[in-house]
Amino acid sequence: MSRIFADYVEKAKKILADNWAGSSTKPSPLLYPHQWNWDSGFIAIGRSHYDTARAIEEITTLFEAQWSNGMLPQIVFNPEELGHYFPEPDFWQTERSPNVPMGKLTSGITMPPVHAIAVEKIYHHARQPRKARPFLKEIYPRLLDLHAYLYRERDPADEGLVYIRHPWESGIDNSPTWDVPLRRMKIDKASLPRYHRMDLEYVADPSMRPSDDDYDRYVYLVDLFRQCNYDEAKIRETCPFLIQDPLFNAILARADESLVRIAEIIGESPDVPRAWAEKTANAIRTKLWHRDHDMFDAFDLVAHELVEVDTAAGFLPLWAGAPTHDQAQRLYERLNSSSFCALHQGNCFTIPNYDTKKEAFDRSNYWRGPVWININWMIAQGLRRYGYTLKADSIQKDLLQLPIRFGFYEYFDSFDGSGYGSDNFSWTAALFIDLVNEFYEKDTTASGIGSKVEGFFGEERVLNDGNDMPDCGIQDLAGELMHSIRALRDRFYNTERGLVDYEQLKNSAEYGAYRILTNGLRQFDPEMIRGRKKKIAFWINLYNTIVVDAIVTLGVTASVKEVPGFFRNVKYQIGKHLFSADDIEHGILRHNARPFFSPFRQFGPRDPRKAFLLFPVDPRIHFALVCGSRSCAPIDYYDAETVYDQLEVAAKSFVNSSEVLILPEEQKILISEIFRWYEKDFGGLDGIKDFLIDYLVEGTAKAFIRGNYRDLVFEYLHYDWNLNR
Ligand code: 2M8
């Protein structure tokens, strides 16, 4: 693990340890001194990577306060901490309900049900998952009860969509989505119960919290629930706030999926949760989709209309797999626009909680604009589910750099990253731990070097066997081959997502045609290619396609590391000579350089392939050469005419991607191992610095490198060898 990540994981663990209250974790030391419902789910996910027992205890404690009707309360109060928060048990008066659990002090509303997701993760992250099975068996019926409560009490028309009856139930308390339904409520201030806000005592700036007007309405609703003795049917008849929220329902559908898998693990029938998952996903896709906005919006059951306010909550259905592919693409376009901080925009952090272009957007006010770690953690996984890997990576890069640079805050300024609300915030710490473990350090046993060294032992495999020769003349072969590679790109490479559809490609006519053309290479002399641009494009394209061809031919499923010596031993015969990916890269494109894993140059002194070397070396090629892995360049086709422009774009994209993390506050730069392996091609460390300055978008990162040129400390990010599938 890179040192900086290891240090910050330790800091995050310390925050969770300090916020531990004996049998559960406080969301933050002062502002939220009790146990909160969905916070505990996120916290358990973080802890599950290093302390299964405590992760289990977190969830168990929460469910001990589950109501007899299945509702899981938003807050479980710690009797020893009373007096520091509003509203507390004296205000909720939940003893009016027959469902409240004996001996527990709770609020009378619920929150987004992330718990089944946390439980599934606890199981998978446990050192010995088998040992976590008794916990799964015990908690499963309680999780089912929770979901059954939601479908029974909160979905009166049996649509598959449940409603929330208080903004606090959404978890995104003062989201602009609630403005219209809340303002519609006529509040007689004089008849409101008296109350005193405690939250303002713990925050530096009241303008970063919900307004007093909001609180009046929150209190009004709680008072209404009390008067109804928390009877769901009565509440339903009178409550002016009944909303089908895309965030709540997406989490529910995603949690239903986890329930299915938990049921399978413990040998129960998964039929009920499976039906729920499908029904809810289907209802989200149809009822909550706002055609004119290309967005999922909340549906107001009192006004019988969609609330036409688009917040980041509208992206959550991606996590549940609810959108159609067309809807997902539209959502993606919205998400990846300057409204929500586009890829490589450079002056913002992804994803602000509300559209930055709207009048009500507020970069520092709570749920009205700042960046929240939990929301983006969920959306990033949703994007991954639909294959928007580059965007998911960039969100995760921000999720990691925000706490490192600005502290483990509750929420962050969407433009300059300043931390707001409570410091030492538990879910920020917990999800940081999860991200580092899941996405940056997964593959710690085999480093890139290890995989390349293996190359010395594998068996040689020539992919173009010469059985089926192409019809075109040798003069036209290079052109035809490039044409064919472009056809593969057009149909099977998703350059925006950085992925290849290997399954479809494998049996396609385009791939068949390409394979035949590669046989023609056996009679082809690379000397026939004239001009540097043509040569660069030819070799880059051939490198990229030999990698794809080898992945398909050799049936690689998860990582090129499955094939010993993948880059060294898989070859094309070109003219009289054999060329592996390594020969093309280190031999031709890097002017017979020494690969970082070898003491020798790629071609020996008398190697005839030295006739084809390219000089000078263009370091931008490293962002165009695809190695079939997630951490290398997204695949594309390079056209001789435009190859320099394309290399510019490739370099810029890479330098501004999640493979480069600039941490001015730490005086450090975390960069892809590609820079370490090919340092010489960039002109040494100073060359790398200049390269970063040239290609980073304007902003603090670039200014930092310029201003600290001599003292910069580099750390290298772990290389993700998983297939770019
Ligand atoms: C915030 O909500 C509580 C009420 O539940 C509050 O403002 O007092 C929200 O950010 C919510 O999502 C979160 O669970 C809670 C504790 O972190 O704080």
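**A disulfide and an enclosed ligand**

With 80 degrees about the S-S bond, the link between C341 and C348 is right-handed, and I begin with this link before turning to the ligand. Please keep in mind throughout that what we are looking at is a predicted model. For those who have not met the term, a disulfide is a covalent bond between the sulfur atoms of two cysteines. Here the two sulfur atoms, one from C341 and one from C348, are 2.0 Å apart, and a search of the whole structure finds one disulfide.

Let me now move to the cavities. When the whole structure is searched, six cavities of 30 Å³ or more are found, and the largest cavity has a volume of about 190 Å³. What takes up the space of this largest cavity? It is the ligand whose place in the structure coincides with the largest cavity. The lining of that cavity is made of 19 residues, and those nearest its centre are Y32, W36, M111, D173 and Y366. If we sort the lining residues by kind, we get 13 nonpolar, two polar and four charged.

We can also take the ligand as our starting point and ask which residues come nearest to it. There are 17 residues around the ligand, and of these D39, Y85, G171, D173 and Y366 come nearest. This shell divides into twelve nonpolar residues, two polar ones and three charged ones.

Some side chains in the model also place an N or O atom at a short listed distance from an oxygen atom of the ligand. For Y366 that distance is 2.7 Å, for W38 the distance is 3.0 Å, and for Y32 the distance is 3.5 Å. As for how far the ligand is covered, on its own it has 410 Å² of accessible area, and the protein covers 100% of that area.

How values were computed. Residues numbered from 1 in each chain as written. Predicted model: local features only at pLDDT ≥ 70, side-chain atom pairs only at ≥ 80, totals over all residues. Heavy atoms only, no water. Near = heavy atom within 4 Å. Polar contact = N/O pair within 3.5 Å; in protein donor to acceptor, adjacent residues only side chain to side chain. Areas by Shrake-Rupley, 256 points an atom, 1.4 Å probe, with all protein chains shown as cover. 1 Å grid on protein atoms, 1.4 Å probe; cavity = no way out; pocket = protein on both sides within 12 Å on 5 of 7 lines; lining within 4 Å. Sits in = over half its atoms within 2 Å of the grid points. Nonpolar A, V, L, I, M, F, W, Y, C, P; charged D, E, K, R; others polar. Points joined across faces, edges and corners; volume = space filled by probe spheres on them. Disulfide = S-S within 2.5 Å.
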